[in-house]
Amino acid sequence: MLINQPAFEQLKSELASTGTTLIAVSKTKPVEAIQELYDLGQRDFGENYVQELVEKQPLLPEDIRWHFIGHLQSNKVKYIAPFVYLIHGVDSLKLLKEINKQAAKLNRTIRVLLQVHIATEETKFGMDESELAAVFLEQDLNHVQIGGLMGMASFTDDLEKVRQEFTTLAKLAETYRDHFKESPAILSMGMSGDYKIAVECGSTMIRIGSMLFGARNYPQNTQ
Ligand SMILES: *Cc1c(COP(=O)(O)O)cnc(C)c1O
């Protein structure tokens with residue numbers, strides 16, 4: 001087996017009573033590993049790199065829900081727009097407008113989450129609160145559906161700090177809940193190392209990679 005089935009079963013049972021969706025983050029992992037998890041019933045998969053996603057998508061079952069969780073460049077939106085299920089990392093109005101434009105061309109609506117900068121680390125992408133507020137003032141983005149927020153906590157052993165960051169994101173989602181097109185709002189937060197805290201703080205989607213697929217061969221922090 002290419003995947004960690006016991007970890008998968010454990011995650012599923014931990015999440016069963018919470019309503020939190022598990023997204024299996026398969027970046028850098030082969031399609032065979034994705035197919036194994038699919039055969040165990042998993043349907044939500046997350047990828048970080050456009051080229052990798054467009055190569056894998058046609059090789060795998062059509063009913064997979066593909067989540068784009070990486071840093072998306074505006075000029076690459078068109079490649080994933082036809083099939084992507086949810087784009088998590090929308091971190092600028094410019095990107096949002098481009099997604100809207102590509103979705104309009106395809107006569108579809110694309111679901112997105114706005115990425116908020118909650119970590120104190122400089123390297124993480126995301127908007128601050130004033131940028132969020134500016135996005136909500138935009139009136140005519142009819143081909144995107146903003147379903148909620150996404151964030152990444154600091155990469156640290158300080159669990160209190162991680163909890164504070166997730167709490168900040170959950171509060172923002174609550175503050176802006178009338179602006180989201182899904183109810184309850186989607187809150188995408190939590191990875192292999194911090195998902196338990198995220199779920200305690202109200203996460204509705206956790207993004208789990210290494211716990212299911214093993215460690216990756218190249219650095220993950222390119223997001
Ligand atoms: C890689 C990645 C994950 C998964 O990370 P793990 O620590 O392997 O679970 C989750 N979210 C984002 C945005 C990522 O880039």
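Helices (H or I, at least four residues) and strands (E, at least two) are DSSP runs, numbered from the N terminus. The structure is a predicted model, in which local features need pLDDT of at least 70 and side-chain atom pairs count only at pLDDT 80 or more, while totals for chains, interfaces and linings use all residues. Residues are numbered from 1 along each chain as its sequence is written, and side-chain values use heavy atoms, with hydrogens and water left out.

Pro 184 belongs to the loop between α7 and β7 (186-188). The peptide bond that leads from Ser 183 into Pro 184 is cis, its omega being near 0 degrees.

The interior was examined in terms of nonpolar cores, each a set of buried Ala, Val, Leu, Ile, Met, Phe, Trp, Tyr and Cys residues joined through side-chain atoms within 4.5 Å. Buried denotes under 20% relative accessible area, exposed over 50%, and partly exposed the range in between (1.4 Å probe, protein chains only). The largest nonpolar core comprises 65 residues, and Ile 87, Ile 99 and Leu 149 have the most contacts inside it. Helix α7 (residues 159-175) makes the greatest contribution to this core, with 6 residues. A second, separate core has 7 residues, including Ile 23, Met 150, Met 152 and Met 205.

Contact is defined as heavy atoms within 4.5 Å. With neighbours within four places in sequence set aside, the partners of Leu 149 include Leu 113, Leu 114, Val 116 and Leu 132. Leu 169, Leu 172, Ala 173 and Phe 180 are also among the contacts of Leu 149, as are Ile 186, Leu 187 and Ser 188.

Met 189 is located in the loop between β7 and α8 (195-200) and is buried, with a relative accessible area of 0%. Beyond four places in sequence, Met 189 is in contact with residues that include Gly 151, Phe 166, Leu 169, Ala 170 and Met 205. Cys 201 is another contact of Met 189; the two residues are 12 apart in sequence, and their C-alpha atoms are 9.2 Å apart in space.

Ala 103 forms part of helix α5 (residues 93-105) and is likewise buried, at 0% relative accessibility. Outside the four nearest places in sequence, Ala 103 is in contact with Arg 108, Ile 110 and His 143. A C-alpha separation of 7.7 Å was computed between Ala 103 and Pro 82, which are 21 residues apart along the chain.

Polar contacts were assigned to pairs of N or O atoms within 3.5 Å; within protein, one atom must be able to donate a hydrogen and the other to accept it, and residues adjacent in sequence count only if both atoms are side-chain atoms. Arg 111, in strand β5, is buried with a relative accessible area of 17%. Its side chain is joined to that of Tyr 85 by a polar contact of 3.0 Å. Arg 111 is also in contact with Leu 86, Ile 87, Gln 145, Glu 182 and Ile 186, leaving aside neighbours within four places in sequence.

Gln 42 occupies the loop between α2 (31-39) and β2 (44-47) and is buried, its relative accessible area being 7%. The side chain of Gln 42 reaches the backbone oxygen of Asp 44 at 2.7 Å. Not counting residues up to four places away in sequence, Gln 42 touches Phe 8, Leu 22, Ile 23, Ala 24 and Leu 37.

Two non-glycine residues with positive phi were noted. Thr 28 has a phi of about 70 degrees and lies in the loop between β1 (21-25) and α2, where Thr 28 is partly exposed at 23% relative accessibility. Asn 107 has a phi of about 60 degrees and is found in the loop between α5 and β5 (110-116); Asn 107 is exposed, with a relative accessible area of 68%.

The ligand is surrounded by 14 residues, of which Lys 27, Asn 48, Ser 192, Gly 209 and Ser 210 come nearest; a residue is near a molecule or strand if one of its heavy atoms lies within 4 Å of it. A polar side-chain atom of Asn 48 is 2.7 Å from a ligand oxygen atom, and an N or O atom in the side chain of Ser 192 is 2.6 Å from an oxygen atom of the ligand. For Ser 210, a polar backbone atom lies 2.7 Å from an oxygen atom of the ligand. The ligand taken alone exposes 380 Å², of which the protein buries 97%, with accessible areas obtained by the Shrake-Rupley method with a 1.4 Å probe and, for residues, only the protein chains shown counting as cover.
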